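User: Please take a close look at a single part of this structure. Then set that part against the rest of the chain.

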Amino acid sequence: MKKAHIFVMAIIAVAIAIITSTAGDASVYVTFKEARERAAEGNLTKVHVVGRLPRDGRKNIMGLEYNPTLDPNYFAFTLVDTNRIAQRVVYFNPQPQDFDKSEQVVITGAMRNNIFVADKILLKCPSKYVEKDIEGATASR
């Protein structure tokens, strides 16, 4: 075999190894119902869940639990997924900055004992530009 053939085969083998190693870390978007079903089957792979934070009449987040003086690495809250199923979520890290301002939350993790344990929290915060601010901003002449 020529050296060029061996070199090409080595590159293909490395590409296959990279693809298979990253495919194991991939997770899917599910609802809390599907996350519970996966956990009941013994499937503890990480999943993504998209949801909103329940708020009261004053726009305060309901079910928020964070006391940094007691335990700065314990943050718990309730999240309502796209099917309107509410679920308790625990995040063993500090509360993310601007969590209370977020419109939508994406969490990554898995169900454990009827609680969703999140590894990551991604926030979709409202735009810092409001429609009236954009209309009022004009180029100086």
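Analyst: Arg 84 counts as exposed because its relative accessibility is 75%, where exposed means over 50% relative accessible area, buried under 20% and partly exposed in between (1.4 Å probe, protein chains only). This is a predicted model, in which local features need pLDDT of at least 70 and side-chain atom pairs count only at pLDDT 80 or more, while totals for chains, interfaces and linings use all residues. Residues are numbered from 1 along each chain as its sequence is written, and side-chain values use heavy atoms, with hydrogens and water left out.

The backbone at Arg 84 has a phi of about 65°, a positive value although the residue is not a glycine. Arg 84 sits in the loop that joins strand 4 (75–81) to strand 5 (86–91); helices (H or I, at least four residues) and strands (E, at least two) are DSSP runs, numbered from the N terminus.

Asn 113 is another non-glycine residue with a positive phi, here near 55°. Its place is the loop between strand 6 (104–112) and strand 7 (115–124). Asn 113 is exposed because its relative accessible area is 75%.

Back at the Arg 84 loop, the strand on its N-terminal side is strand 4, which includes Thr 78. Thr 78 is buried, since its relative accessibility is 18%. The side chain of Thr 78 makes a polar contact with the side chain of Arg 88 at 3.2 Å. Such a contact is a pair of N or O atoms within 3.5 Å; within protein, one must be able to donate a hydrogen and the other to accept it, and residues adjacent in sequence count only if both atoms are side-chain atoms.

Arg 88 is also among the residues in contact with Thr 78 (heavy atoms within 4.5 Å). With neighbours within four places in sequence set aside, the others are Leu 53, Pro 54, Met 62, Gly 63, Ala 86 and Gln 87.

Strand 4 runs over 75–81, and two aromatic residues, Phe 75 and Phe 77, are buried. A search of the whole structure gives six aromatic pairs; rings of Phe, Tyr and Trp (its six-membered ring) pair if their centres lie within 6.5 Å, and planes under 30 degrees apart count as stacked, over 60 as edge-to-face and the rest as tilted. The centres of the Phe 75 and Phe 77 rings are 5.2 Å apart and their planes lie at 35°, so this pair is tilted. Both residues belong to one aromatic cluster, together with Tyr 66 and Phe 99.

Next come the charged pairs. The count of salt bridges is four, a salt bridge being a side-chain nitrogen of Lys or Arg within 4 Å of a carboxyl oxygen of Asp or Glu. One of them joins the side chains of Lys 46 and Asp 119, at 3.3 Å from N to O. Lys 46 is in the loop between helix 2 (32–40) and strand 2 (47–52) and Asp 119 is in strand 7, so the bridge links distant parts of the chain, 73 residues apart. Lys 46 counts as partly exposed because its relative accessibility is 46%, and Asp 119 is likewise partly exposed, at 34%.

Another salt bridge pairs the side chains of Glu 103 and Lys 124, with an N to O distance of 4.0 Å. Glu 103 belongs to the loop between strand 5 and strand 6 and Lys 124 to strand 7, so the pair ties together parts that are 21 residues apart in sequence. Glu 103 is partly exposed at 38% relative accessibility, and Lys 124 is partly exposed with a relative accessible area of 46%. A further bridge connects the side chains of Lys 101 and Asp 98 at 3.7 Å, N to O; Asp 98 is partly exposed, at 34%.

For the protein as a whole, there are three helices and seven strands, in the order α-β-α-β-β-β-β-β-β-α from the N terminus on. Of its 141 residues, 26% are buried. Among contacts between residues at least 6 apart in sequence, 51% join residues at least 24 apart.

As for confidence, the average pLDDT (the predictor's confidence in each residue, from 0 to 100) is 85, and 83% of the residues score at least 70. Strand 5, which follows the Arg 84 loop, has the highest confidence, at 96, while helix 3 (residues 131–136) has the lowest, at a mean of 53.
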